[in-house]
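Colleague: I'm new to reading protein models, and I'd love a close look at a single part of this one. Could you pick a spot and walk me through what surrounds it?

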Amino acid sequence: MGRQEKGGKIFFALFALTAVFLCVLASPVRDDRQLWQTSSYTVQTQFETEEEVAPKRELINVNTASAEELEELTGIGPALAQEIVSYREGHGAFSCAEDLLGVKGIGEAKLEGFRVEITF
């Protein structure tokens, strides 16, 4: 076997391997996520589990709530609840959450702690 013939076989082998490699690269990749989404089967557990759900809280209307009701708000104790009632009696109804910043003892951080628990 001559040198030229040997070189031709090596070239052909490399060419064939390159062609196979390119075919593999060009073939579509199977996405297993699609396989899971289109499968129609259900999984049943042996034991029933109860999903824990946080109790639904009623919003507290700061314009009508008593001091005791206001104490249910996050971060509001008896003294601050009474401050809210006193401020409301002296200045009138609150129209938005930011109005509560006028109450002595309520700052931005305290307000953010119970903002989602109140209504007007």
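Modeller: Let's begin with Leu14, which sits in helix H1, the stretch covering residues 3-26. Keep in mind as you look that this is a predicted model. Is Leu14 buried or exposed? Its relative accessibility is 52%, and exposed means over 50%, so Leu14 counts as exposed. Leu14 also belongs to a nonpolar surface patch, which it forms together with Ile10 and Leu17. That patch covers about 320 Å².

Now turn to the nonpolar residues of the interior. The largest nonpolar core has 19 residues, and those touching the most other members are Leu70, Ile84, Leu100, Ile106 and Phe114. At least two residues of this core come from each of helix H3 (67-70), helix H4 (78-91) and H5. H4 gives the largest share, with four residues. For a feel of how one member is surrounded, try Leu70: setting aside residues up to four places away in sequence, Leu70 touches Ile60, Val62, Ala65, Ile76, Ala81, Ile84 and Val85.

Finally, have a look at Glu117, in the loop between helix H5 (108-114) and strand E2 (118-119). Glu117 counts as buried because its relative accessibility is 11%, and the cut-off for buried is under 20%. Which residues does Glu117 contact, apart from its neighbours within four places in sequence? They are Arg57, Glu58, Leu59, Ile60, Glu72, Leu73 and Thr74. You have met one of these already: Ile60 is in contact with Glu117, and Ile60 is touched by Leu70 as well.

Technical notes
Residues are numbered from 1 along each chain as its sequence is written. This is a predicted model: local features need pLDDT of at least 70, side-chain atom pairs count only at pLDDT 80 or more; totals for chains, interfaces and linings use all residues. Side-chain values use heavy atoms; hydrogens and water are left out. Patches are made of residues with over 30% relative accessible area and no salt bridge: like charges are joined within 9 Å, nonpolar side chains (Val, Leu, Ile, Met, Phe, Trp, Tyr) within 5 Å. Accessible areas come from the Shrake-Rupley method with a 1.4 Å probe; for residues, only the protein chains shown count as cover. A salt bridge is a side-chain nitrogen of Lys or Arg within 4 Å of a carboxyl oxygen of Asp or Glu. Buried means under 20% relative accessible area, exposed over 50%, partly exposed in between (1.4 Å probe, protein chains only). Contact means heavy atoms within 4.5 Å. A nonpolar core is a set of buried Ala, Val, Leu, Ile, Met, Phe, Trp, Tyr and Cys residues joined through side-chain atoms within 4.5 Å.
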